[in-house]
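I opened the model today to look up a few things about its helices and its surface. My notes follow the order in which I looked.

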Amino acid sequence: MIEPQSLSELIAVDPVFGLQKAICDTLHRLFPDVSVRQHPGKLDVYDVIEGETIAAPAILVGWTAIKTPRDVTGAYELPIDFAAYIIAEDYADRAQNRAIDRQAIAFAIGSRLLDILQDPDLQCFDQTGVTPPAAKPEPALRPLFTATAHGKGTAYYAVTWQQTIVGLGPDLTGGPTPAMVPYGDADGPGLTFASDDDIPPEIAALIKEDSQ
């Protein structure tokens, strides 16, 4: 049964906001000359920029969808679809006396973000209970263009990926969450059972045959 919690208690234990902040903290450290901020989510990023003072280049980190697959114990996971919105403008590099196109700046930042999401030391953003970015859907860099934004000399890109927060929720069985026993071929999702005792006899016979 879910017990009452105050708003401050809910915020304190919210795992999504904590992961979003950890992503921003990591990117702020890895992009020292880029503004990194949290973003409210699946909104028109141009409208957000118009209403705030955000200096380009910038990365705005938000999420666009969350799901809650649950297992038989009551525990659940949170697969989260993240989006890092990149804002770039043409840049005058006075040190080398050259102009750098906004598209080149946005692409350079987006490519570096993809590298970070593949780096085993960085991709979980120093968080426990968080999986590496999913292979399906795989991380992707996409352009986001509007006629208004293009006319104002700004380029928008988005890097999207999915990560899962695991081990959440109460145990409805009254004990520790049991380890799941998988069975299935490598190409399919297979089946999961809470223990060996829960495996139906016909499947247990197949497992025995496979092991011989």
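These entries go from the whole chain to single helices and residues.

**Entry 1: the whole protein.** I noted first that the model is predicted. I looked up the elements and found six helices and nine strands. Of the 212 residues, 33% are buried. I then checked the contacts between residues at least 6 apart in sequence, and 57% of these join residues at least 24 apart. The exposed area came out at about 13200 Å², with 55% of it supplied by carbon and sulfur atoms.

**Entry 2: a patch on the surface.** Which residues make a nonpolar surface patch of about 320 Å²? I found Leu7, Leu10 and Ile11. I looked further at Ile11, which belongs to helix 1, residues 7-13. The relative accessibility of Ile11 is 55%. The cut-off for exposed is over 50%, so Ile11 counts as exposed.

**Entry 3: helix 2.** This helix covers residues 15-30, which makes 16 residues. I compared its span with the expected one: the first and last C-alpha atoms are 23 Å apart, close to the 22 Å expected at 1.5 Å a residue. I listed its buried residues as Val16, Leu19, Gln20, Ala22, Ile23, Cys24, Thr26 and Leu27. What covers them? The cover includes helix 4 and four strands that I wrote down by number: strand 1 (35-38), strand 2 (58-66), strand 3 (76-89) and strand 7 (154-168).

**Entry 4: helix 4.** Since helix 4 is part of that cover, I turned to it next. It runs over residues 102-118, and its 17 residues should span 24 Å at 1.5 Å a residue. Its end C-alpha atoms are 25 Å apart, which agrees. Which residues of helix 4 are buried? I found Arg102, Ile105, Ala106, Ile109, Gly110, Leu113, Ile116 and Leu117. Seen down the helix axis, these buried residues fall within an arc of 125°, so they line one face of helix 4. Asp115 and Gln118 are exposed on the other side of helix 4.

**Entry 5: Asp126.** I looked for Asp126 and found it in the loop between helix 4 and strand 6 (140-144). Is Asp126 buried or exposed? Its relative accessibility is 65%, so Asp126 counts as exposed. I also checked Asp126 against Leu19, one of the buried residues of helix 2. The two are 107 residues apart in sequence, and their C-alpha atoms are 9.4 Å apart in space.

Definitions and conventions. Residues are numbered from 1 along each chain as its sequence is written. This is a predicted model: local features need pLDDT of at least 70, side-chain atom pairs count only at pLDDT 80 or more; totals for chains, interfaces and linings use all residues. Side-chain values use heavy atoms; hydrogens and water are left out. Helices (H or I, at least four residues) and strands (E, at least two) are DSSP runs, numbered from the N terminus. Buried means under 20% relative accessible area, exposed over 50%, partly exposed in between (1.4 Å probe, protein chains only). Contact means heavy atoms within 4.5 Å. Accessible areas come from the Shrake-Rupley method with a 1.4 Å probe; for residues, only the protein chains shown count as cover. Patches are made of residues with over 30% relative accessible area and no salt bridge: like charges are joined within 9 Å, nonpolar side chains (Val, Leu, Ile, Met, Phe, Trp, Tyr) within 5 Å. A salt bridge is a side-chain nitrogen of Lys or Arg within 4 Å of a carboxyl oxygen of Asp or Glu. The expected span of a helix is 1.5 Å times one less than its number of residues. The arc is that of the directions from the helix axis to the C-beta atoms.
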